[in-house]
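Student: I should like a close look at one part of this model, the largest pocket. Please also place that part within the chain as a whole.

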Amino acid sequence: MFNLKRGIQLGVLILAIALLALLVWSSTQKNSPLYQPIEAYDLITPVNQVTPTEIYKTVKPYLGKSFWDIPLNRIQADLTSLDWVDSAEVKREWPNLLYLSIKEQVPVARWGEAGLINRSGNVFFPLSISGFENLVRLDGRLSKSKVVLKNLIDIQNQLNPLKLVVSQLKLSDDNVWSVKILDGPTIVVDELAYQQKLHRFIQAYPKLEVETRKSARVYDLRYSNGFIIAKKNS
């Protein structure tokens, strides 16, 4: 049996949806009185490395687009692709404004000649690493960047009681760690029983004669029953 009241309610709902769709469509048409373009943006987070010019060039192509159909996700992706941007968020405010939030990369070490690595172990390659040349240098396969950073922290913590500071750490393709000590020798250790070998060296180091330490060029820990000291060329 046909329910007149329900039919009227359904008709009103359909009409409302159609009107709403018409209004939304009309608001995206430049010749419509309802059209409201995005005219400006406001950066609400401080930045140190990303320049205003870079931000402007990224956002400029989107200025003038309709408030309702501006592609916020695409703008966020474009901003995130900038050298020093770790993440970005874009919001809109009626009638014509965008709010930009940018989180910059925070390097904790260098990666190779031209890269930097953040605290999450992700490597990025800015146009310049000026100002960060004195950070610890890490090297290895990019796929191992998180492992290399984790081991830097682990090795440095273990060497702290010996007052030895790591200046470079490299993981070779055959899984050998080279630990360059600041103004000092290099420690070489392989992955096999790595922690045990490093612990044995740390226990033995304070017992070495001062002259032996001064003349050491390489401490090679890749042995099951001890380590070898290669001396500097006289």
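Tutor: A residue is called buried when its relative accessible area is under 20%, exposed when that area is over 50%, and partly exposed in between. By this rule, 37% of the 234 residues of the protein chain are buried. The model is a predicted one, and its secondary structure comprises 6 helices and 12 strands. Of the contacts with a separation of 6 or more, 46% are between residues 24 or more positions apart.

Confidence should be considered before detail. The average pLDDT of the protein chain is 89, and 85% of the residues score at least 70. Residues 18-23, however, have a pLDDT below 50, and this stretch has 1 contact in the model beyond near neighbours in sequence. Where pLDDT is low, the predicted coordinates should not be read in detail.

I turn now to the part you asked about. The volume of the largest pocket is about 180 Å³. Its lining is made up of 14 residues, and those closest to the centre are L164, I181, D183, G184 and P185. By residue class, the lining holds 8 nonpolar, 1 polar and 5 charged residues. Two of the elements that each supply at least two lining residues are helix α6 (210-215) and strand β11 (216-223).

Among the residues closest to the pocket centre, D183 merits separate attention. D183 belongs to the loop that connects β9 with β10 (186-190). Its relative accessible area is 79%; because this is over 50%, D183 is classed as exposed. The backbone of D183 has a phi near 55°, a positive value in a residue other than glycine. Most residues other than glycine have a negative phi, and most peptide bonds are trans.

N175 shows a positive phi as well, near 60°. This residue sits in the loop between β8 (166-171) and β9 (176-181), whereas D183 follows in the loop between β9 and β10. With a relative accessible area of 31%, N175 is partly exposed. A cis peptide bond is found elsewhere in the chain, from W94 to P95, with omega near 10°. P95 lies in the loop that joins β2 (85-93) to β3.

Helix α4 (residues 145-159) can be described through two of its residues. N151 is one of them; its relative accessibility is 10%, so it counts as buried. Beyond its neighbours within four places in sequence, N151 contacts L169, W177 and Y194. Q158 is also in helix α4. Outside the same sequence window, the contacts of Q158 are with Q195, L198 and I202. The side chain of Q158 also makes a polar contact of 3.1 Å with the side chain of D154.

Strand β3 (residues 97-104) includes I102, whose relative accessibility of 6% places it in the buried class. When residues up to four places away in sequence are set aside, I102 touches L43, T45, V47, I55, L79, V85, S87 and A88. The C-alpha atoms of I102 and P46 are 7.9 Å apart, although the two residues are 56 positions apart in sequence.

Two loop residues give a contrasting view. E113 is in the loop between β4 (107-111) and β5 (115-118), and its relative accessible area of 59% makes it exposed. Residues touched by E113, not counting those up to four places away in sequence, are I129 and R137. With R137, the side chain of E113 forms a polar contact of 3.1 Å. With I129, which is 16 residues away along the chain, the C-alpha separation is 9.2 Å. N134, for its part, occupies the loop between β6 (123-124) and β7 (137-139). N134 is likewise exposed, at 80% relative accessibility, and its C-alpha lies 8.7 Å from that of S167, 33 residues away in sequence.

To return to the pocket, its lining of 8 nonpolar, 1 polar and 5 charged residues draws at least two residues each from α6 and β11. D183, one of the residues closest to the pocket centre, is an exposed residue with a positive phi.

Note on methods:
Residues are numbered from 1 along each chain as its sequence is written. Side-chain values use heavy atoms; hydrogens and water are left out. On a 1 Å grid over the protein atoms alone, a cavity is a set of points where a 1.4 Å probe fits but cannot get out, and a pocket is an open set with protein on both sides within 12 Å along at least five of seven lines; lining residues have an atom within 4 Å of a point. Grid points are joined across faces, edges and corners, and a volume is the space filled by probe spheres set on the points. Helices (H or I, at least four residues) and strands (E, at least two) are DSSP runs, numbered from the N terminus. Ala, Val, Leu, Ile, Met, Phe, Trp, Tyr, Cys and Pro count as nonpolar, Asp, Glu, Lys and Arg as charged, and the others, Gly among them, as polar. A polar contact is a pair of N or O atoms within 3.5 Å; within protein, one must be able to donate a hydrogen and the other to accept it, and residues adjacent in sequence count only if both atoms are side-chain atoms. Contact means heavy atoms within 4.5 Å. pLDDT is the predictor's confidence in each residue, from 0 to 100. Buried means under 20% relative accessible area, exposed over 50%, partly exposed in between (1.4 Å probe, protein chains only).
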